[in-house]
Amino acid sequence: MKKFIVSFVVGLIVVAFVGTPLEAQEKARHKVLVSVDMEGIWGIVYGDQTSPDGRDYGAARKWMAEDANAVVEGLFEAGATEVVVNDSHGGMRNILASDLDPRATLISGTPKPFSMMEGLDRDCGAVLLVGYHARAGSAPAILDHTISGATMRAIRVNGRELPELGLNGALAGAFDVPVVMLSGDDETCAQAKSILGNELVTVAVKNAVGRTAARLLPRAEALKLLKQGAKDAYLKRNGVAPFKLNPPYTFELDFHNSAQAEIPLLIRGVKRTAPRSVAFSADDYVEGFKLMRALIALASS
Ligand SMILES: [Zn+2]
C-alpha cells in the first residue's frame with residue numbers, strides 16, 4: 001500500500017510537471033542575462049584601459065557600453081522582453097548607467113553573491129557572455145587570466161581546468177540555463193566552443209597577436225556581428241543544452257605562491273594538495289562556486 005501511495009504521488013508529480021504547457025514554461029523563463037566583462041571588448045588590448053585610473057579607461061568603458069548595446073539591440077529585435085545587463089569587470093561600475101540601452105536593466109557595483117553572473121535565476125531563458133577573455137596561461141590571448149591575475153594560476157573543477165566562461169557557464173547550468181553566445185578575442189571564442197559546445201554563437205571582435213596586442217575588426221563590422229550574433233543566439237536558445245558538470249564537484253585552486261594558500265586553509269573542508277594548491281568538494285555547484293570565490297578573496301587579502 002505504501003508502495004502504491006508512493007508511486008501514485010510520484011505519478012502526480014510527473015503529470016504536473018510534464019503537463020505544464022510549454023508556453024507557461026517559456027513565459028516563466030522570459031529573462032535574458034547579459035554578463036559583460038571588459039578584457040574581451042572591442043578595442044581593448046592593454047591593462048590600463050580596463051582600470052579606472054588608467055589611460056583611455058574613459059574611451060574603453062564607452063566601447064564596453066557600445067558592445068553591450070549592440071547585443072541588447074539584437075536580443076530585443078529577436079523578441080526578448082526582458083534583458084538584464086550585469087557589469088562583470090573589476091569594481092563592476094564600468095558601464096555608465098546612462099550609456100546603456102534604456103530598454104535594458106543594469107546591475108552595477110560589487111560585491112554580488114553571483115559576481116559576474118548576478119541576475120541569474122530560474123526566470124532566465126538564456127545567458128550571453130560579452131567581452132570575455134581566455135583562461136590564465138593562454139597565448140596569444142588578450143589579458144588572459146582566471147578571476148584574479150595576481151592570485152590565480154589555474155582553477156580546475158572535476159579535474160578540468162576552466163576559464164571564467166566555463167565556471168560561470170556551469171553556474172548557469174546549475175539553473176538549467178544555457179549560455180547561447182560569447183564575444184571576445186579569437187582564442188576566447190575557441191575555448192568557449194570547446195567547453196560550452198558547438199551550438200554556442202561566438203563573435204570574435206579581435207584577433208590576439210600577443211597578450212597586449214590585437215588586430216581589431218573595423219568598428220562597424222564588430223557592432224554588426226555582435227547584434228546579429230545575439231539575434232541568432234536568442235532564436236536558437238531552446239536548442240542549446242545547458243553546460244552541466246557532474247556532482248560531487250571537486251574544486252582545485254592553484255595560487256601563484258604558497259603564502260596565498262595559507263588563509264584559505266583555515267576554512268573547514270579545504271585541504272592542501274600541493275604547496276600552493278588547495279581543494280574542496282561540494283555536492284551543490286552553487287555552494288561550491290561561492291566557496292571558490294570566498295577562497296580567492298581570502299588568498300588575495
Ligand atoms: Zn575582467
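Guide: Before the first question, a term: a residue is buried under 20% relative accessible area, exposed over 50% and partly exposed in between, with a 1.4 Å probe and protein chains only. The model is predicted, so that local features need pLDDT of at least 70 and side-chain atom pairs pLDDT 80 or more, while totals for chains, interfaces and linings use all residues. Residues are numbered from 1 along each chain as its sequence is written, and side-chain values use heavy atoms, with hydrogens and water left out.

Visitor: Is Pro-52 buried or exposed?
Guide: Pro-52 sits in the loop between strand E1 (31-36) and helix H3 (57-77), where helices (H or I, at least four residues) and strands (E, at least two) are DSSP runs numbered from the N terminus. Its relative accessibility is 65%, and Pro-52 therefore counts as exposed.

Visitor: What distance separates the C-alpha atoms of Pro-52 and Gly-90?
Guide: Along the chain, Pro-52 and Gly-90 are 38 residues apart. In space, the separation of their C-alpha atoms is 9.3 Å.

Visitor: Which residues are the protein donors of the zinc ion?
Guide: Donors are N, O and S atoms within 2.8 Å of the metal (3.2 Å for Na, K and Ca), and sites may look incomplete because water is not among the atoms. Here the protein donor atoms lie 2.1 to 2.7 Å from the zinc ion, with OD, OE and ND1 atoms represented and Glu-39 listed twice through OE. The donor residues follow the sequence spacing D-x1-E-x49-H, and they are Asp-37, Glu-39 and His-89.

Visitor: How many residues apart are Glu-39 and His-89, which link distant parts of the chain?
Guide: Both residues donate to the zinc ion. Glu-39 lies in the loop between E1 and H3, and His-89 in the loop between strand E2 (82-87) and strand E3 (105-107), which puts them at a separation along the chain of 50 residues.

Visitor: What is the relative accessibility of His-89, and is this residue buried or exposed?
Guide: Glu-39, also a zinc donor, has a relative accessibility of 6% and therefore counts as buried. His-89 likewise counts as buried, because its relative accessibility is 9%.

Visitor: Which element gives the largest share of the lining of the largest pocket?
Guide: A pocket is an open set of points on a 1 Å grid over the protein atoms alone, where a 1.4 Å probe fits, with protein on both sides within 12 Å along at least five of seven lines, and lining residues have an atom within 4 Å of a point. The largest pocket has 26 lining residues, and those nearest its centre are Gly-90, Met-92, Ser-115, Ile-147 and Ser-148. Two or more lining residues come from each of helix H4 (164-174) and helix H8 (285-300), and the largest share, six residues, comes from H8.

Visitor: What is the phi of Ser-115, a residue that is not a glycine?
Guide: Most residues other than glycine have a negative phi. Ser-115 lies in the loop between E3 and E4, and it counts as buried because its relative accessible area is 13%. Its phi is positive, at about 55°.

Visitor: Which residue precedes Pro-111 across the cis peptide bond?
Guide: Pro-111 is found in the loop between E3 and E4. Omega of the cis bond is about 0°, and the residue joined to Pro-111 there is Thr-110.

Visitor: Where does Pro-140, which follows a cis peptide bond, lie?
Guide: The bond from Ala-139 to Pro-140 is cis, with omega near -10°. Leu-143, with a positive phi near 50°, is placed in the loop between E4 and E5. Pro-140 also lies in the loop between E4 and E5.

Visitor: How many residues of strand E4 (residues 124-132) are buried?
Guide: Two strands pair if DSSP finds at least two bridges between them. E4 pairs in the parallel sense with E1 over six bridges, and four bridges join E4 to strand E7 (residues 179-185), again parallel. E4 is largely enclosed by the rest of the structure, because its buried residues number nine of the nine.

Visitor: Which strands stand at the edges of the open sheet of five strands?
Guide: The order of this sheet is E6-E5-E10-E12-E11, with antiparallel pairing. E10 pairs with strand E5 (residues 152-157) over five bridges and with E12 over six. Each edge strand has a single partner, so one side of each is left without a neighbour in the sheet, and these strands are E6 (160-161) and E11 (271-274).
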